[in-house]
Amino acid sequence: MDYPPGSVPAQRRTTLVAFLVLLMAVMAITVLMILPYVLAVTMGGILAVLAQPVFRWLKGYHVTPRVAAALVVLGVVLVLIAPLAFLVTKAIQQGIAIGQGLAEGGFSVRALLDHVSGWAPIKTVIGSPEAFETQARRWIQSAGTRATATILGLAAHLPNIVLQVALASIACFFLLVDGHRFLGWMSDKIPIAADVRVQVVQSFQETAISAIWATLAAAAAQSAVMLLSYLALGVPAASLAAGATFLFAWIPLVGSSPVWLAGAIYLYAQDAILKAILMVVCGLMAGIVDNVVRAIILQGRSKMHPLVSLVAIFGGIEMFGIMGIFLGPILAAVLIALLQLWPAVGQRFGLLPGAKGGEFHPRSERSSS
């Protein structure tokens, strides 16, 4: 039976509404069910995207997709996750030891005050060195107690972290093997034109993936510099320093500064003036390494403004916890990629001044780093 154009029979309209309500309800329940593991699957997807070049290279040598994906995941575990797990374990041990030492009053600021108390500005600011040491000892003991509690709390979550890492590795494997099939299945479920989807993916690869690789490489390089500096100059807690550097390196305008500054203060308090100067030099070298590595990897691709990255990191930490350091900039990079495509999409559909219904040719807005 034919119906007048634009009219929908009541029965068909009821069926449509019922279907949409059922779809939304099941989708909401499913999202709530898998919500604790969405972050792990997301990280697996990011790893799969980052590992695509290696995966394609292995398939070029006639390696089957499953074997190639297994080799890639094994490489990620051996090259990235295993050393990182070892570093985190050592950092936790060293952090607990330092926190307990601070809480028990094992650290004295007297040696440092003996060096600086003669400076006129310091005299004006802190007054009596004895009074300042008493107050500083209280601050340090309180900070040590909080630091120990925080680190022990992190250690208590290690089983869940191991589960999340394992799930991310499994997700990376299956997305490498069946990612193209999943995207093909999703293609007719997302109401976006095919050429627009292609441009979104390309823009994401050029903007987000390059930013992730640049920051990862720069953070790893700075961590290595600080680890070797602490070991060479005899500063304790080298693993903790390397882990802290890796996290701080994601924060613009911060980098490894807190780590090498803490090392320099420790050496200065130990009367190792030359070593303290060398620590400052190593810190400057870490900053140079950061700029060089980022420039090499980005090479003309878009570079996120430091203010945008800083806000994205703090917002990511607020929403996702410690993983927000990584996910915040990634989401910001995706948003930038979509905004770069918006002028062409808006013109195509007549939402912005320009050609209507024409070809989709997004204007390149990349700036060299």
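His62 is exposed, at 76% relative accessibility. This is a predicted model, and in it His62 lies in the loop that links helix 2, residues 52-60, to helix 3, residues 65-103. The backbone there is the reason I start with this residue. His62 is not a glycine, yet its phi is positive, about 65 degrees.

Next, the surface. Helix 1 covers residues 10-50, and Phe19 is part of it. Is Phe19 buried or exposed? Its relative accessible area is 52%, and the cut-off for exposed is over 50%, so Phe19 counts as exposed. Phe19 also belongs to a nonpolar surface patch of about 1,100 Å². Other members of that patch include Leu16, Leu20, Leu23, Met24 and Met27, and further along Val31, Leu35 and Val38.

Now the interior. The largest nonpolar core has 16 residues. Which of them touch the most other members? They are Met226, Tyr230, Leu233, Val235, Val259, Leu267 and Met279. Four elements each give two or more residues to this core: helix 8 (194-233), helix 9 (238-248), helix 10 (257-269) and helix 11 (273-298).

Take Val259 from that list. Leaving out residues up to four places away in sequence, Val259 touches Met226 and Tyr230, both of which are also among the core members with the most contacts. The other residues that Val259 touches are Ala241, Ala244, Thr245 and Phe248.

There is also a second core, separate from this one, with 13 residues. Among them are Ala48, Ala69, Val72 and Val177.

Terms used. Residues numbered from 1 in each chain as written. Predicted model: local features only at pLDDT ≥ 70, side-chain atom pairs only at ≥ 80, totals over all residues. Heavy atoms only, no water. Patch = residues over 30% accessible without salt bridge, like charges linked within 9 Å, V, L, I, M, F, W, Y side chains within 5 Å. Areas by Shrake-Rupley, 256 points an atom, 1.4 Å probe, with all protein chains shown as cover. Salt bridge = Lys/Arg side-chain N within 4 Å of Asp/Glu carboxyl O. Buried < 20%, exposed > 50% of the residue type's maximum accessible area, 1.4 Å probe, protein only. Core = buried A, V, L, I, M, F, W, Y, C linked by side-chain atoms within 4.5 Å. Contact = heavy atoms within 4.5 Å.
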